[in-house]
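Biologist: I would like to learn how to read a model with two chains. Could you take me through it step by step?

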Number of protein chains: 2
Amino acid sequence: MDTGYREQINQLDRLRKALKSVGMKLTYQRMVVFEEVAKTNQHPDAEAVYEAVRRHIPSVSLDTVYRTLWLLRDLGLIRTLGPQREKARFDANPHRHHHFVCNACGTAFDFDSPQFDELTVSYKLELVGQVQTAHVELRGICRHCLESMPLRQEKEAKEA
Amino acid sequence: MDTGYREQINQLDRLRKALKSVGMKLTYQRMVVFEEVAKTNQHPDAEAVYEAVRRHIPSVSLDTVYRTLWLLRDLGLIRTLGPQREKARFDANPHRHHHFVCNACGTAFDFDSPQFDELTVSYKLELVGQVQTAHVELRGICRHCLESMPLRQEKEAKEA
DNA sequence: ACACTATTTAGGATTTTATACTATTTAGTA
DNA sequence: TACTAAATAGTATAAAATCCTAAATAGTGT
């Protein structure tokens with residue numbers, strides 16, 4: 001449950017390297033935000049992270065927490081559950097299908113996959129609760145964004 | 001791409017039956033909201049649904065659209081992408097894992113599954129974009145909610 | 001160790017998204 | 001056709017996320 005000391009060191013190191021690779025600074029705020037998200041398995045929302053960080057940095061601003069969370073996501077250090085920077089979206093497609101969510105623009109695409117449709121839920125999972133649906137969620141960069149995104153690609157090129 | 005006439009009839013029928021089964025009324029607003037969500041595969045957000053519905057019912061209120069969308073979800077006629085009625089949540093667990101999201105309380109649980117870890121993405125999907133992550137999302141009712149939810153169970157019992 | 005500068009932050013204003021409330025209207029039923 | 005519980009419109013309010021600018025800071029070179 002508790003995050004080991006060694007693992008904490010590793011995490012800080014991952015943060016340092018990731019920031020360096022894109023030419024950004026390692027600030028105390030960024031360290032604390034990452035640490036707070038990393039040490040829990042409760043999937044906190046931005047507000048909860050804000051509260052946790054305030055215990056270490058009482059003057060931290062909510063804006064900083066938001067900026068940092070999205071930054072960490074862009075760096076691949078954390079991920080979000082659900083759509084990207086987006087409000088709830090609705091889907092009435094009654095046929096079995098799966099989703100590809102673009103990490104850049106947030107758009108969600110449906111796709112069919114007989115392979116993924118065959119997912120079956122092992123009995124062990126019934127311990128967690130009553131499963132109603134199972135589907136696969138892919139994350140990545142959609143074709144459209146890949147083609148029109150010089151900024152991101154420049155940043156990544158710096159490192160190489 | 002276009003929703004066939006026959007399918008539209010089916011959908012209206014599904015709505016009628018679902019509402020009847022829980023003793024709720026079939027209103028014009030509910031028909032139009034459902035129709036608008038059902039006829040697109042663009043995963044509209046609430047605001048987009050509101051705009052679409054207004055073209056048929058200029059006086060419709062945003063509140064009605066929201067209430068109806070969540071109602072349709074509770075009835076199982078539509079689903080939402082991402083967490084339920086929840087803001088973005090963050091996850092720094094670097095180990096491969098999957099999620100169980102409770103449709104009642106919105107809580108997200110991690111779980112491990114060697115079986116799901118083996119998901120591989122067929123080359124065809126690369127047409128959609130560059131896939132970065134793949135994970136399984138289960139939806140259902142968590143153990144905690146199952147035990148403390150007489151309301152919902154009463155409603156479902158009515159039908160039987 | 002010190003100074004320099006682009007980056008980052010704090011704090012508050014603003015915008016966006018979602019829900020609450022109540023008088024009026026309506027669907028379903030007798 | 002009338003009745004009644006349920007649903008809606010319209011507005012107020014709350015909640016969540018982002019924007020803006022002066023002040024502070026990390027990283028770099030000296």
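Modeller: Gladly; we will go from the ground rules to the fold, one helix, the symmetry and the interface.

Modeller: This is a predicted model, where local features need pLDDT of at least 70, side-chain atom pairs count only at pLDDT 80 or more, and totals for chains, interfaces and linings use all residues. Residues are numbered from 1 along each chain as its sequence is written, chains are lettered from A and ligands numbered from 1 in the order in which they are written, and side-chain values use heavy atoms, with hydrogens and water left out.

Biologist: How many helices and strands are there in chain A?

Modeller: Helices (H or I, at least four residues) and strands (E, at least two) are DSSP runs, numbered from the N terminus. Chain A has 7 helices and 5 strands, in the order α-α-α-α-β-β-β-β-α-β-α-α along the sequence.

Biologist: What span should helix 4 of chain A have?

Modeller: The expected span of a helix is 1.5 Å times one less than its number of residues. Helix 4 of chain A (residues 62–74) has 13 residues and should span 18 Å; its end C-alpha atoms are 19 Å apart, which agrees. Just after helix 4 of chain A, Gly76(A) has a positive phi of about 80°.

Biologist: Which residues of helix 4 of chain A are buried?

Modeller: Buried means under 20% relative accessible area, exposed over 50% and partly exposed in between, with a 1.4 Å probe and protein chains only. Among the buried residues of helix 4 of chain A are Val65(A), Leu69(A), Trp70(A) and Arg73(A). Of the 160 residues in chain A, 44% are buried.

Biologist: How are the two copies related?

Modeller: Two copies of a chain are related by a rotation about an axis and a shift along it. Copies are superposed by least squares on the C-alpha atoms of residues with pLDDT of at least 70 in both. Here a turn of 180° and a shift of 0.0 Å along the axis lay chain A on chain B with an RMSD of 0.1 Å. The two copies are thus related as by a two-fold rotation axis.

Biologist: And how many residues of chain A are in contact with chain B?

Modeller: Contact means heavy atoms within 4.5 Å. By that rule, 61 residues of chain A are in contact with 61 residues of chain B. The copies meet through the same surface, because 100% of the interface residues of chain A are also interface residues in chain B.

Biologist: Which salt bridge does Arg79(A) form?

Modeller: A salt bridge is a side-chain nitrogen of Lys or Arg within 4 Å of a carboxyl oxygen of Asp or Glu. The rule finds 2 across the interface of chain A and chain B. Arg79(A) pairs with Asp91(B), with the closest N and O atoms 3.4 Å apart. Strand 5 (residues 129–142) of chain A gives the most to the side of chain A that touches chain B, with 14 residues.
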